[in-house]
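Here is a short tour of one model, written to be read with the structure open beside you. Feel free to rotate the view as you go.

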Amino acid sequence: MRDDRRRPPSGDHLSPVQEAFVRRVASQCGYCTPVQLMAASALLARNRTPTLADIRHWMSGNICRCGCYPAIAAAIQDAAAELRARDPSA
Ligand code: FES
């Protein structure tokens with residue numbers, strides 16, 4: 001019997017946050033992207049209606065040398081809207 005809980009994601013789909021980063025071109029060199037995605041996901045797990053100020057404050061510890069901050073913030077707002085649309089009760 002296989003324990004599917006231990007299997008990694010199949011990789012055939014992106015999370016709403018990943019999709020929004022792609023759509024908004026919120027990455028250039030990609031060096032910072034993994035931590036940006038993790039931080040954005042953590043924010044949206046706690047707050048599905050973050051303001052721009054909330055996003056800037058939450059993400060302030062993550063440096064992007066390519067200066068993708070506006071696109072990252074826009075992607076987080078898009079992902080928040082998508083998550084709210086998928087589950088309005090959350
Ligand atoms: S995308 Fe290059 S450091 Fe952020």
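## Starting point

Helices (H or I, at least four residues) and strands (E, at least two) are taken here as DSSP runs, numbered from the N terminus. With that in hand, please keep in mind that this is a predicted model. The chain has four helices and zero strands, and the order along the sequence reads α-α-α-α.

Of the 90 residues in the chain, 23% are buried. If we take contacts between residues at least 6 apart in sequence, 69% of them join residues at least 24 apart.

## Helix α1 and its buried side

A good place to begin is helix α1, which spans residues 16–23. Its buried residues are V17, A20 and F21. They cover an arc of only 100° around the axis, which puts them on the same side of α1. What do these buried residues pack against? Their partners are α2 (33–46) and α4 (69–86).

A20 belongs to helix α1 and is worth a closer look. Is A20 buried or exposed? The answer is buried, because 26 other C-beta atoms lie within 10 Å, and 20 or more is the cut-off for that class. Setting aside neighbours within four places in sequence, A20 touches A75, D78, A79 and E82. A20 and A71 are 51 residues apart along the chain, yet their C-alpha atoms are separated by 9.5 Å.

## Just past α1

After α1 comes V25, with a positive phi near 50°. V25 is a residue other than glycine, and its phi is positive all the same. Where is V25 placed? You will find V25 in the loop between α1 and α2. V25 is exposed, since there are 11 other C-beta atoms within 10 Å and the exposed class takes in 12 or fewer.

## Three helix pairs

Two packed helices are described by the angle between their axes and the distance between the axes. Let us take the pairs in turn, with α1 and α2 as the opening case. These two pack at an angle of about 125°, their axes 10 Å apart. That makes α1 oblique to α2, as the angle falls outside the 65 to 115 degrees counted as roughly perpendicular and is not over 145. The crossing of α1 past α2 is right-handed. On the α1 side the contact is made by V17, Q18 and F21, and on the α2 side by L37, A40, S41 and L44.

Next come α1 and α4, whose axes come within 8 Å and cross at roughly 140°. The two helices are therefore oblique to each other, and their crossing is right-handed. From α1 the contact draws on P16, V17, A20, F21 and R23, and from α4 on A75, D78, A79, E82 and L83.

That leaves α2 and α4, which pack at about 40° with 11 Å between their axes. This angle makes α2 oblique to α4. Here too, α2 passes α4 in a right-handed crossing. The α2 residues making the contact are Q36, A40, L43 and L44, and those of α4 are I72, I76, A79, A80 and L83.

## The nonpolar core

Which residues touch the most other members of the largest nonpolar core? Among the 18 residues of this core, they are V17, A40, L44, A75, I76 and A79. The elements that give two or more residues to the core are α1, α2, α3 (52–59) and α4. The biggest share comes from α4, with six residues.

A40 shows how the helices meet here. Not counting residues up to four places away in sequence, A40 touches V17, I76 and A79. V17 is one of the buried residues of α1, while I76 and A79 take part in the α4 side of the contact with α2.

## The end of the chain

Our last stop is P88, placed in the segment after α4. Is P88 buried or exposed? With 8 C-beta neighbours inside 10 Å, P88 counts as exposed, as the limit for that class is 12 or fewer. From P88 to R48 there are 40 residues in sequence, and their C-alpha atoms are 9.6 Å apart in space.

Terms used. Residues numbered from 1 in each chain as written. Predicted model: local features only at pLDDT ≥ 70, side-chain atom pairs only at ≥ 80, totals over all residues. Arc of directions from axis to C-beta. Contact = placed C-beta atoms within 7 Å. Core = buried A, V, L, I, M, F, W, Y, C linked by C-beta atoms within 7 Å. Axes fitted to C-alpha atoms, helices over the stretch in contact; angles between N-to-C directions. Parallel < 35°, antiparallel > 145°, perpendicular 65-115°, else oblique. Left-handed = near helix turned anticlockwise from the far one by under 90°.
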